[in-house]
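Please open the model in your viewer, colour it by secondary structure, and keep the selection panel at hand. The tour below moves from one selection to the next and says what is to be found at each.

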Amino acid sequence: MKRFSFSPASAGVATMTAAALVFTSQVSVPVLATAQTSPISRMVLQPGSKESSVIVSWRTQGPADKEVLEVTGPDGAQTFEAEEKDGGAIAYVSNYATATGLKENTEYTYRVGSEEGGWSEPETFNTGSFGQDWSFVTVSDAQIGVDADIKGQTEQWNKTIGNAVADAPQASMIWSLGDQVEGWGATIAQYDGYFSSPEIRNIPTNALPGNHETYPSDLVMKHYDEHFINPNQEPDLRDFYFERNNVLFLGLDTNASSDADIERHAEFMRKTIENRGAFNDWIIVGMHHAFFSQGTHYTDGDVTKLREKLAPVMSELDVDAVLSGHDHIYTRTHLMNGLEPVKAPAKRGDVLAPNDGEVLYITTTSAGGGKFYDFQGEDGKKYPNARMENMDPALPHESTAIWRQDYDEDYMVVDVTGDELTFRTYNANNPNLVDKVTLKNNDHAIADPREEKPTTPAPATTTEVVTTEVPTTVTTTETKEVPTTVTTTLPAEKTTKTVTSMVPTTEEKTITTKVPTTITTTKTAEPSEPSDPSKPAKPGEPAKPDENCDEGSAGASASSAGSSDGSSDDSCSSSRGGMIGFLLGAISALIVAGGVAALDPNSPVRNNIQSMLDSLYRMYTRLF
Ligand SMILES: [Fe+2]
């Protein structure tokens, strides 16, 4: 159900303290009219290489040593050292830091800065589920600054993101598919408008480079490089990847579109998907330039070349979906096998079951509303205000299944499960569903042998051998001569006479008693919690010893020395108490047995009992 309510995250943006708030007439969305305030500005939360990590970047007024990211969760606060990211932009310093070892479905508070340079206001985020079922939001082309309307597009950008997050509060990531700013004009003010969105400090947001990040000079891309820290980025190409739950995301910088660049894109995708693809249920590629759309860029030279050379690679690598912007008109393709559509009747709500090599391409429209492109047909002509329902079926491209141009901003919510990937695209300003399409999975993930898989957590147990002394029952057989009565038959003259008398004889007597013995058992115990969240304990990894308990355990049984179970003080005391109880019981049993044995000073049982009492006494002295 689509909702239009102001997100709680938007309401508590402490970084807006000196900023003027502007409210639209339709939805109460606050919009910054100025940049974030000093000493920290342009702070943005971003996804790390895995769902258990986040990256935060920020800008300070000047150089400051020991800038850190401080993250506070249920286990306390941790600090992560910052690095400067100097992309060549001037007049300020950009820093970033990576927090690792985060736990799923956990609320964290964070701030950045230093004692010397000052601190940001605290912000929060929730890691969300690390399982197979989760959601993320995509937007594209905020393009703040078109026609110099920075204020208007900043307002709309905030409104689009605010409504998207209100509609999908479970979303744990935002993907911005390029052209965050116009570039031409007041670049710094444009970026300030983009960073004014409060949601990008509460939900990890990754941003792709678009063509407008290159206009009018590389200064705009320098800002991009300093603020957006892409995980696993290639050394000299802005292609990168990260994994989140059960999805492998690849980002391509399609500004690089020479023949050599395109070959490098292909190499990067082959390498990444070969290494990581099998360990994820889904492979999604994001790039700014759309291979297939009904916008005017469809026939651009760079787009045509990218499409013809890389669409076959997408199919070769079994990519599931490709998400793009750039054309400012919503377009969903048929399943594409390379450049060939798998044509089928299309409607909103389609559920598609792709075969190997069949890829879905979706192009989203503008999130900032600076401009929209008219439908452009196969004939190369533009058709303003055209609707798909009334369009001559010969005019859309063969690849197009669904398209819509309502000259209004959109956002897309992507719902992920292990079996289905559903893309819901909404008008950002009203409750209208633009399109919905679901992909069925035909290629589930396999377990990753190199690391813990959050979707299939390893059994939370470790196995260790514990040696201890326990009471047991032994049987001793004693042979003893005792007086007894026998009957003897004596011969008599011509008669038989029976005489009964007492004679010594031998009797076997069995004495059963309890004696201490040593046995070895194997037990399964919960692994200890790692003290360093950045280094979570893995199956088979020894847990940290509990020094206080270890000493007592070793004393209780010499054969168990060196083993440590990481148990708490309570369990340690409980173990000692159990041993004391055993000793008292064993001693009592031996005293009783000893009383029986005392009947015969030469009994071997008596000697054994004395030896056992000595052993118990030694155990007692070790315990105390
Ligand atoms: Fe663009």
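Begin by selecting H326, which in this predicted model is found in the loop between β18 (321–324) and β19 (330–333). Its phi is near 75 degrees, a positive value in a residue other than glycine. Is H326 buried or exposed? With 28 other C-beta atoms within 10 Å, H326 is buried, because the cut-off for that class is 20 or more.

Next, select N232, in the loop between α4 and β15 (240–244), where you will again meet a positive phi, here about 55 degrees, although N232 is not a glycine. N232 has 16 other C-beta atoms within 10 Å and is therefore partly exposed, since that class lies between the limits of 12 or fewer for exposed and 20 or more for buried.

From N232, step back to the helix that precedes this loop, α4 (219–227). Seven of the nine residues of α4 are buried, so that the helix is mostly covered; the buried ones are V220, M221, H223, Y224, D225, E226 and H227. To see what covers these residues, add β3 (40–47), β4 (54–60), β8 (93–99) and α3 (187–195) to the display, which are among the covering elements.

Now turn to the loop between β14 and α4, where P216 has its place. Show the backbone atoms here, and inspect the peptide bond from Y215 to P216, which is cis, with omega near -10 degrees.

Following that loop back to β14 brings you to an open sheet of seven strands, whose order is β14-β13-β12-β27-β28-β29-β22 and whose pairing is mixed. Which strands stand at the edges of the sheet? They are β14 (205–207) and β22 (350–352), and because each has a single partner strand, one side of each is left without a neighbour in the sheet. Looking across the sheet, you can follow a twist that averages 20 degrees from one strand to the next.

Within the sheet, select β12 (residues 134–139) together with β27 (residues 410–416), which pair in the antiparallel sense over five bridges; in this pair, S135 stands opposite D415 in β27. Finally, add helix α2 (residues 150–167), which packs on the sheet and touches β12, β13 (171–176), β27 and β28 (420–427). If you draw axes for α2 and β12, the direction of the helix makes about 165 degrees with that of the strand.

Definitions and conventions
Residues numbered from 1 in each chain as written. Predicted model: local features only at pLDDT ≥ 70, side-chain atom pairs only at ≥ 80, totals over all residues. Pairing = 2+ DSSP bridges. Helix = DSSP H or I, 4+ residues; strand = E, 2+ residues; numbered from the N terminus. Axes fitted to C-alpha atoms, helices over the stretch in contact; angles between N-to-C directions. Contact = placed C-beta atoms within 7 Å.
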